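Here are my notes on the model you sent, set out as numbered points. Please read them with the coordinates open.

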Amino acid sequence: FNFVAGVAISSDVGNVHACPADKVNPDGSCGSKVKIVPSMGYVVDNFLTTEEVEYAKKMLSLSIEKGAYKNSSFGSMQVSECHIKGGSSVASLGVPCLEAEKEGADASGLNVSSLAQRVLRFANQNLIPSGTLTGAHAWKGEVFLDHSILRHYPAKKTVVDGNSTTMVGQSGSVHTDSDFDGRCLSAVLFLGDKEESDEGSEEAIGDLKVFKCKAGRERICHDLQGEKLRSHLEAEPDFWDQKNWEEVQSIEPKAGRVAYFLSETPHSVGSLKVRPRDALLTWMTCSEIRPQDISTRRAALPPFFAPFGDWANNVTTIQAVVNTIATGNIVRVLGAAVPSVADSLGLDLLEVKNWEHEVYAGEQLQWSRHVLRCPNGYAGIKSIDHHACPRILGHFHRWMNKTLAFWSGLAGRPLSRWSGLGPKAPAATLYQAGDFLSPHTDLERGCALSVIWHLTPGWEAKRGGHFWWSFETGSKMEMPSWNTMYIFKPSDKSVHHVSPVMQSGNRFAVSGCFYPQ
């Protein structure tokens, strides 16, 4: 394919190197490869032909229609996307994406996976990632496909506040892509042109914005990877606030244009107003991803942790949840968390060894269960042994506490805090043979809204351990299941309990409640 010579813009504003892509040396002079440094974007126009752009947009549209991660969330943005997972440089598509590819098959053999491979191939032929990161993030002569997403950014997103809903323009938050171990190079392949503002101004609508540290903060925002990145997020909640960063480049969307940048480079998506933005996002690693590396990468979580799937962003679904909870009844959410979060936490819970067997016999409440408690209540996630207290579990509890507005909207009243963060609070529970929980309401704990998340795959009814819910209209029994969440408002009209586990097995759950203001 033909492409126009790339334009590399350095971290110094206005310093543009108009050297052809096949002539730039690692030191910046003209030669064979382009040296990509922090806070620098490298742009290649006409990377795709008009026909190829239209094909990619068709694939995205079909995958959305078939439910491929429709209305998922990325940080503060609502998006629809089709995932292409790498590993050993072999791309594989999720089932909905495969169905879309089959239906919209291209006679030339072009497919979504091949687009990701093309982005990878160009990088290996023309680019040298030269960043500040070390270890698995350091370039050793080749990059590998990690993950690629065909993503649709709607121009507006739905915001639910109590019983009211509004549509507002979307914009992304500043972030890096170096949260996953080994990621060193990122790319955005635009499938549409820039939206022109109504006023005809030069406002950067939907642009890819590239940032660098503001003067005086270089020590803080250097080497943004893994544990150091997470520690900053813990110590400085507004770490990613745009006021802390200096914009050095704004790359306009243009159909067929690809922009490469180091994964450690802070960047964001400019605000959208009317026209959506479609793009193929590709992340590459400087170390080959092997199956045995997966558990290590699970420990490095994105700074934007949004665990829930479609239901939490669907206005109709949210309203149904609010209405049901208001009656005092219980809501069951199937597929509550996005698969990556549920799968990672489920695997981590299987690896935990320090379960504490706890037996309690009070006058009104009795139980036998195994609990996982984390020493400091996840006050400092970086200091916790991942296999003793999974970090993803800490991120979940912290996320619950940070999204009080969302949960207050469901409860119909202001809430103050989530119960799962205290050092004595059970971070997760495990029920094995002989364990049980007697009938109770949660009112005895002062709860205003309770949440129970089952993470038990392949459970058989004969094992017992069922979740029982009794309301004034009758009782219902729920068998332990995978990635199912129950939400309800405690009242004196309902009780719930866990029946005795009769046979060996691991019944995992994460639960807690919100307290009223």
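**Notes on the predicted model**

1. Trp-453 is buried, with a relative accessible area of 0%. This is a predicted model, and the value for Trp-453 is computed from it. The ring of Trp-453 pairs with that of Phe-396: the centres are 4.9 Å apart and the planes are at 40°, so the pair is tilted. The two partners belong to distant parts of the chain, Phe-396 to helix α8 (residues 391–402) and Trp-453 to strand β24 (residues 449–455), with their positions 57 residues apart in sequence. Phe-396 has 2% relative accessibility and therefore counts as buried, the cut-off being under 20%.

2. How many aromatic pairs does the structure hold? There are 16. One of them is formed by Phe-308 and Trp-311, a tilted pair with 5.1 Å from centre to centre and 45° between the planes. Phe-308 is buried at a relative accessible area of 3%, and Trp-311 is buried at 7%.

3. Which residues do ring pairs link into a cluster? The members are Phe-308, Trp-311, Phe-396, Trp-399, Phe-406, Trp-407, Trp-418, Trp-453 and Phe-514. Both pairs described above thus have their residues in this cluster.

4. Two arginines lie over tryptophan rings. The charged end of Arg-369 sits over Trp-367, at 4.3 Å from the centre of the ring. Arg-463 is placed over the face of Trp-459, with 5.1 Å to the ring centre.

5. Helix α6 covers residues 315–326. With 12 residues at 1.5 Å a residue, α6 should span 16 Å, and the distance between its end C-alpha atoms, 16 Å, agrees with this. The expected span uses one less than the number of residues. Buried in α6 are Ile-318, Val-321, Val-322 and Ile-325. These residues cover an arc of only 100° around the axis, which means that they are on the same side of α6. Just after the helix, Gly-328 has a positive phi of about 95°.

6. Ile-325, in helix α6, is worth a look in the viewer. Its relative accessible area is 0%, so Ile-325 is buried. Leaving aside residues up to four places away in sequence, Ile-325 touches Val-331, Leu-410, Leu-449, Ile-487 and Lys-489. Of these contacts, Leu-449 is 124 residues from Ile-325 in sequence, while their C-alpha atoms are 9.2 Å apart in space.

7. Is helix α9 (residues 404–411) mostly covered or mostly open? It is mostly covered, with 6 of its 8 residues buried. The buried residues are Leu-404, Trp-407, Ser-408, Gly-409, Leu-410 and Ala-411. Their cover includes helices α6 and α8 together with strands β21 (415–418), β24, β27 (482–488) and β29 (507–516). Within α9, Leu-410 is a contact of Ile-325, and Trp-407 is in the aromatic cluster. Gly-412 follows α9 and has a positive phi, near 75°.

8. Two residues other than glycine deserve a check of their backbone angles. Asn-46 has a positive phi of about 55° and is found in the loop between β4 (41–44) and α1 (50–65). Asp-442 also has a positive phi, of about 80°, and is found in the loop between β23 (436–440) and β24. Are these two residues buried, exposed or partly exposed? Asn-46 is partly exposed, at 39% relative accessibility. Asp-442 is buried, with a relative accessible area of 4%.

9. Some totals for the protein chain complete the note. The chain has 9 helices and 29 strands. Of its 517 residues, 55% are buried. Counting contacts between residues at least 6 apart in sequence, 79% join residues that are at least 24 apart. The chain exposes about 21,800 Å², and 52% of this comes from carbon and sulfur atoms.

Methods: Residues are numbered from 1 along each chain as its sequence is written. This is a predicted model: local features need pLDDT of at least 70, side-chain atom pairs count only at pLDDT 80 or more; totals for chains, interfaces and linings use all residues. Side-chain values use heavy atoms; hydrogens and water are left out. Helices (H or I, at least four residues) and strands (E, at least two) are DSSP runs, numbered from the N terminus. Buried means under 20% relative accessible area, exposed over 50%, partly exposed in between (1.4 Å probe, protein chains only). The arc is that of the directions from the helix axis to the C-beta atoms. Rings of Phe, Tyr and Trp (its six-membered ring) pair if their centres lie within 6.5 Å; planes under 30 degrees apart count as stacked, over 60 as edge-to-face and the rest as tilted. A charge sits over a ring if NZ of Lys or CZ of Arg is within 6 Å of the ring centre and within 35 degrees of the ring normal. Contact means heavy atoms within 4.5 Å. Accessible areas come from the Shrake-Rupley method with a 1.4 Å probe; for residues, only the protein chains shown count as cover.
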